[in-house]
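Please open the structure in your viewer and keep the selection panel at hand. The tour below moves from stop to stop, saying at each one what to select and what is there.

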Amino acid sequence: MLSLLFLLLLTQGNLSMSEQLPQNIFILAGQSNMAGRGGVANNTKNGIPSWDGIVPVQCQPNPSILRLSASLTWVLAHEPLHAEIDYNKTSGVGPGMPFANAVLTRVPNFGSIGLVPCAIGGTAIREWAKGGFLYDQLVRRTQFALQSGGVIRAMLWYQGESDTKIREDADAYKGRLSSFFIDLRADLGYPTLPIIQVALASGEGPYVEIVRNAQLGINLPDVQCVDAMGLPLEPDRVHLTTPAQVQLGETLTDAFLQSLPNPIHITNYSSRRFSNLMSHFFIGPLLRFALLLVAFT
């Protein structure tokens, strides 16, 4: 009887856990504007950056949107998404939550979404090269995310501001970015991984246009580029404001949905519904009966 009880408990636990695992995985990578600095400003008294805590409706938590934490567990996603990953900086609103919410709004039966935050502020493209810490962390976190049984739908990539400071870095940007995309696809075993990158809205140096031209000129299959130029910036003139991040998230949604087959293929959830019915009408009552037997023996 005890062994039967253990088996029932294990089955019930597995069914409950399956309800908390995402079907659709999205990688979020790059530097500060992907990590999110919307609503972040220097405190006028101490000069320390702080987030204003304002979360627009488009960025609100949703039970169908999960985040892979720094400890590699799936948790409910909420702003700021990158607080645990980009921990040396102050994070605010980024494009990840408005993107995920917009996808679910426009495709209600899309299925649960798992966001994998990997962006680190102030990083240059050479720091994302294969063999480095950022690259290895991205691959490790993505591989773990896939253990849940979901599939990678795309990587959202926003980076390049740090490469606008030195002419040599700006000139080398296109080659380094192409190599990064190619290496990542190879190491994830997904040669056609969809990548949606963001062309710079700003920069930290005088060579913004060189980097932007490199981004807009990337000629790799299944790589799209959306343009952030013209979106509102925070007073630092580098980071997108909260409304700008919301707009960017919706623009990324447009690009992602336009890249999908028509009609959009959505995972069949019939087996999942069957599992729920089994849990509710059969396993649940049987488990309670087993507990009663144990209590009176």
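What follows is a walk through a predicted model, beginning with the sheet and ending with a few backbone details.

**The sheet**

Begin by colouring the strands, which form an open sheet of 7 strands in the order β5-β4-β6-β1-β7-β8-β9, with mixed pairing. At the edges stand β5 and β9 (residues 223-227), each with a single partner strand, so one side of each is left without a neighbour in the sheet. If you look along the sheet, the twist from one strand to the next averages 25 degrees.

Next select β8 (residues 195-199) together with β9, a pair that runs in the parallel sense over 5 bridges. Within this pair, Ile-196 can be found opposite Gln-224 of β9.

**Helices on the sheet**

Keep β8 and β9 in view and add α5, which lies across β7, β8 and β9 and runs at about 165 degrees to β7. Then add helix α6 (residues 208-216), which packs on the sheet and touches β8 and β9, its direction making about 155 degrees with that of β8.

Move on to helix α4, residues 133-146. Its 14 residues should span 20 Å at 1.5 Å a residue, and the C-alpha atoms at its ends are 20 Å apart, so the expected and the modelled spans agree. Which residues of α4 are buried? They are Leu-134, Tyr-135, Gln-137, Leu-138, Val-139, Arg-141, Thr-142 and Ala-145. Show these side chains with their surroundings, and you will find that the buried residues of α4 pack against the strands β1 (24-30), β4 (65-68), β5 (74-76), β6 (113-117) and β7 (151-158), as well as against helix α5 (167-187).

**Salt bridges**

Now display the charged side chains; the count of salt bridges comes to 10. As background, side chains of opposite charge can pair when their charged atoms come close.

Select Asp-254 and Arg-106, whose side chains meet in a salt bridge with an N to O distance of 2.3 Å. This pair links distant parts of the chain, with Asp-254 in helix α7 (residues 242-259) and Arg-106 in helix α3 (residues 96-106), 148 residues apart. Asp-254 is partly exposed, with a relative accessible area of 30%, and Arg-106 is likewise partly exposed, at 46%.

Next, select Asp-169 and Arg-126, which also meet through their side chains in a salt bridge, here at 3.3 Å from N to O. Because Asp-169 lies in helix α5 and Arg-126 in the loop between β6 and α4, the pair ties together parts that are 43 residues apart in sequence. Buried or partly exposed: which word fits Asp-169? Its relative accessible area is 11%, so Asp-169 counts as buried, the cut-off for that class being under 20%. Arg-126, by contrast, is partly exposed at 47% relative accessibility. Add Arg-176 to the selection, and you have a network of salt bridges that links Arg-126, Asp-169 and Arg-176.

The last pair at this stop is Asp-187 and Lys-130, which form a salt bridge with their closest N and O atoms 3.3 Å apart. Here too distant parts of the chain are linked, since Asp-187 belongs to helix α5 and Lys-130 to the loop between β6 and α4, 57 residues away. Asp-187 is partly exposed, its relative accessible area being 29%.

**Cysteines**

Turn to the cysteines, and select Cys-59 and Cys-118. Cys-59 is buried, at 0% relative accessibility, and Cys-118 is buried as well, at 2%. How many disulfides does the model contain? The count comes to 0.

**Backbone details**

Finish with the backbone, selecting first Glu-79 and Pro-80, between which the peptide bond is cis, with omega near -10 degrees. Pro-80 has its place in the loop between β5 and α3.

Then go to Leu-72, in the loop between β4 and β5, where phi is positive, at about 65 degrees, although the residue is not a glycine. A further positive phi in a residue other than glycine is that of Asp-222, near 60 degrees. You will find Asp-222 in the loop between α6 and β9, where it counts as partly exposed at 44% relative accessibility.

Definitions and conventions: Residues are numbered from 1 along each chain as its sequence is written. This is a predicted model: local features need pLDDT of at least 70, side-chain atom pairs count only at pLDDT 80 or more; totals for chains, interfaces and linings use all residues. Side-chain values use heavy atoms; hydrogens and water are left out. A disulfide is a pair of cysteine sulfur atoms within 2.5 Å. Buried means under 20% relative accessible area, exposed over 50%, partly exposed in between (1.4 Å probe, protein chains only). Helices (H or I, at least four residues) and strands (E, at least two) are DSSP runs, numbered from the N terminus. The expected span of a helix is 1.5 Å times one less than its number of residues. Contact means heavy atoms within 4.5 Å. A salt bridge is a side-chain nitrogen of Lys or Arg within 4 Å of a carboxyl oxygen of Asp or Glu. Two strands pair if DSSP finds at least two bridges between them. Axes are lines fitted to C-alpha atoms, for helices over the stretch in contact, and angles run from 0 to 180 degrees between N-to-C directions.
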